Amino acid sequence: MSVRKDSVELGVTNLGFRDADGDASDTISEAESVEKQESVGVKMDPEEKYNQMKPYAGMPKEVLLLYSSQARYRVPREVLFWLMVCVTLALVAVTITLIALSPRCLSWWQASPVYQVYPRSFKDSDGDGVGDLKGIMEKLDHFQYLNIKSVWISPFYRSPMKDFGYDVEDFRDIDPLFGTMQDFEELLAAMHDRGLKLIMDFIPNHTSDRHRWFNLSRIRDPHYDDYYVWVDCDPNGPKPNNWVSIFGNSSWTYDEVRGQCYLHQFLKEQPDLNFRNPNVVQEIIDIIHFWLKKGVDGFRMDAVKHILEAAHLRDEPQVDPNKPPELVTTEWDLHSDYTTSQVGLHDLLREFRAVLDTYSREPSKYRFMVTESYDYDEVEKTMMYYSTHLVRESDFPFNFYLLDLPHNASGVWAKHLVHIWMGNMPRGEWPNWVVGNHDRHRIGSSAGPAYVRVINMLLLTLPGTPTTYYGEEIGMENINVTQSEIQDPAGKYNTSASRDPERSPMQWNGDMNAGFNNKTNITWLPVHPDYETVNVEVQMKDSGSVLSQYRFLSNLRESELALHRGWFCYIHADANVFSYLRELDGLNRAYLMVLNFGKESAITDLSSIPELPDQLMVLLSTNQVNDGKVYQKSQIQTEAGEGLVIQYSTSRRYNPNHPEECYVSEKACYLPTINILYKC
């Protein structure tokens, strides 16, 4: 059959083509094209008509499917797909590996010093002479200036103020002296907005004698009858036993309304709660819930060792058995075997901890708990407040041993006090350090102003969390309080035991009342006469001041891995100098501290330590003129009260060869090539 040459269509019409005006009259439909081809006897494969053109935008799906199935398009697509799968799996594997190998992140209570605010003395906003919550809010910038992220505020509950807030009349209310609940909520919100955490003082052991529970217990209300520790006694006869109050004299007071004696381990206006009554335990738990729901970040649990007493109420043994019983009037006259650290105490604290943990499940919402217990030479009792792998209790108990630094001015003594804690702390736990608080004389007075800087340097370069009492960052000293000016109940019983001297108003500037109260000339305690030269405003302008050096060390502690989570190793101790280093495996930067707590200048020879370089440069000295000075390691000179922070570079580590001299809470190593920490 012959084919007419002029009847054959050359090429195939693009079926997706249309004129710009949308007119398709000049196009030939697919059906017509096929029909015409068939009419002239040309048989074409259905796919052949697409093979004569390149892919184009807007092609129909039939064309797209034909091209996508071709090897040159299919193979690259599959290669890219499987490459993406492999990359994704690799990233997931790397992420899981990094998480598995990374040490846990430090929590907020580990990341910065804890700053204690005594609210009566911090800042007065309304001119009544007493500090308040609004006053604290006015000074939030101060915490940020010091790189402080955790603020512990002493009690501000409604209270008759017999013990300045530690005698609580209502655990769910703010005392009008300090403000209102709205003031508290605004303060808490303002702190959280600035990334600050608020730790409340919590007093579980006792209430005020004006508390509703006590008044109902006095009249033998069936529900509240045994909320407190009541014992039959003769109002004119001997007390139930020889137990003595912390403030002196008997721990028992006769109540005429009830006709019995009640126990108070502190003031008679502070009756002890009976924690053997489960209703009392639940009341305290409900109060903890109340404040956690408000958003507080943690609690400092006050006087916890006194929470339980022995049910048998026997006499405690006398320290001096030959002392006449009628002369036993202070806590130091007795071994407190039946009034402190009783069986069941830790079970109660673990119940409190469990409540906090239920509020700690949200990211960055961890709720912190620290316990206060002065156990003196029985440090093993203090260590029992730490959590374990099996049960949760406090994050740490307060460490008060450095409060004894002024008792013996020497490097050996400083090392001894540090080692009491480090040598007894359970493995893997986090240490902490306290050098001042509202119950102890200021270090500027007890140790002397010449030693304030070196003690702050010790505080901020030891491993763990440091706690700073307000005013210590500028070197405030005790005030002199006359007998007529005494406010403290302990001081009224025993003048020498008064805690007023360390509670004087904070010294903000050289203005009236040191800037504590700039509205009236009233202060609840006298301002220290040195306030014109020892204050925040003056010291902020002086790079060599106590405040500036405190701030530098606080920032250094946060920024340097070796300082906030590295090894701590003893290096040297003698009659004057205590020296230690901080290092991190894998990090070529380490720190050596040389602190002179003695009474004279000293030259320290560390030439026997091969891990130290021969020449050492001072990063910071408490004596500013020595900043940047270079010492031979065999002749490091310090004056009395001088401290040195020496930064050096080395690839040699001290801790592997001296494991008995080194401590770390959680071992970690640094990988400089990718700038990460990992478990090692």
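User: Hi! What makes domain 2 a domain here, and which residues does it hold?

Analyst: Happy to help! Domain 2 takes in 112-204 + 288-303 + 342-554, alongside domain 1 (72-101), domain 3 (205-274 + 309-341) and domain 4 (567-678). The bounds come from an automatic or database domain assignment. This is a predicted model, where local features need pLDDT of at least 70, side-chain atom pairs count only at pLDDT 80 or more, and totals for chains, interfaces and linings use all residues. Residues are numbered from 1 along each chain as its sequence is written, and side-chain values use heavy atoms, with hydrogens and water left out.

User: Why is strand 13 called largely enclosed?

Analyst: Buried means under 20% relative accessible area, with exposed over 50% and partly exposed in between (1.4 Å probe, protein chains only). In strand 13 (residues 465-469), 5 of the 5 residues are buried, so the rest of the structure largely encloses it. Thr465, Thr467 and Tyr469 point one way, Pro466 and Thr468 the other, and all are buried. A strand is a DSSP run of E with at least two residues, numbered from the N terminus.

User: How do you know that strand 1 pairs with strand 13?

Analyst: Pairing calls for at least two DSSP bridges between the strands. Strand 1 (residues 114-117) is joined to strand 13 by 3 bridges, running parallel, so the pair qualifies. Gln116 stands opposite Tyr469.

User: What makes strand 7 an edge strand?

Analyst: The open sheet of 3 strands has the order 6-8-7, with antiparallel pairing. Strand 6 (230-231) and strand 7 (252-255) each pair on one side only.

Definitions and conventions
Helix = DSSP H or I, 4+ residues; strand = E, 2+ residues; numbered from the N terminus.
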